[in-house]
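Visitor: Could you teach me how to read a pocket and a helix in a model like this one? I would like the general idea and then the case at hand.

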Amino acid sequence: MAGTTATAAETRPREEYPRAKGTLYRGDLGMWSWVAHRITGVLTFFFLFVHVLDTALVRVSPNAYDTVISTYKHPVMILFELGLLAAVLFHAFNGIRVMLIDFWSEGTRFQRPMLWTVVGLWLVLMIPAAISMLTRAITELFGGH
């Protein structure tokens, strides 16, 4: 019966694994991807929570709702929108990668190339979005149309 765990002879002692400089954890990119996935998930959850709350204000007090929405129109909020976009995109692409690792028989073998694909796709979409959104924020802050 083939098992998924390595035998004692196939594993290296813990001391042989190199430690990343500046960290106490012996993990690699997969660990940082796991951390980033959790952080972006929590950030997205908090955005949705705040979104539900501010939308609920419309029933309680339309004037309070209008005040909250007017604060969202400030150009500095574009930075928060950019952060939200970055978090949602990474979380979505990395979530697809996690599903492929879990449900595709070859997923674990290709997990590192898939991580670099996630990072590449994220950059390809984030760079133009960041340029567009930051240009709009700068234009609105320092006078434009």
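Guide: We will look at the pocket and then at a helix. Please keep in mind that this model is predicted.

Visitor: How much space lies in the largest pocket?

Guide: Start with the volume, then turn to the lining. Here the largest pocket holds about 420 Å³ of space. Its lining has 15 residues, and Phe 47, Tyr 72, Met 77, Phe 80 and Leu 84 are the closest to the centre.

Visitor: Which helix gives the most to the lining of the largest pocket?

Guide: That is H1, with 7 residues. At least two lining residues come from each of H1 (29–60), H2 (62–72) and H3 (77–103). Sorted by class, the lining counts 10 nonpolar, 3 polar and 2 charged residues.

Visitor: Now the helix. What span should the 31 residues of H4 have?

Guide: The expected span is 1.5 Å times one less than the number of residues. For H4 (residues 111–141) this gives 45 Å, and the end C-alpha atoms lie 43 Å apart, so the two agree.

Visitor: Where does H4 bend?

Guide: Look at Met 126, where the bend is about 25°. A proline, Pro 128, follows within four residues. Met 126 is also one of the buried residues of H4.

Visitor: Which other residues of H4 are buried?

Guide: Met 114, Leu 115, Val 118, Ala 129, Ala 130, Met 133 and Ala 137 are buried too. H1 and H3 are among what covers the buried residues of H4.

Visitor: What phi does Gly 143 take, just after H4?

Guide: A positive one, of about 90°.

Notes
Residues are numbered from 1 along each chain as its sequence is written. This is a predicted model: local features need pLDDT of at least 70, side-chain atom pairs count only at pLDDT 80 or more; totals for chains, interfaces and linings use all residues. Side-chain values use heavy atoms; hydrogens and water are left out. On a 1 Å grid over the protein atoms alone, a cavity is a set of points where a 1.4 Å probe fits but cannot get out, and a pocket is an open set with protein on both sides within 12 Å along at least five of seven lines; lining residues have an atom within 4 Å of a point. Grid points are joined across faces, edges and corners, and a volume is the space filled by probe spheres set on the points. Ala, Val, Leu, Ile, Met, Phe, Trp, Tyr, Cys and Pro count as nonpolar, Asp, Glu, Lys and Arg as charged, and the others, Gly among them, as polar. The bend at a residue is the angle between axes fitted to the seven residues ending there and the seven starting there. Buried means under 20% relative accessible area, exposed over 50%, partly exposed in between (1.4 Å probe, protein chains only). Contact means heavy atoms within 4.5 Å.
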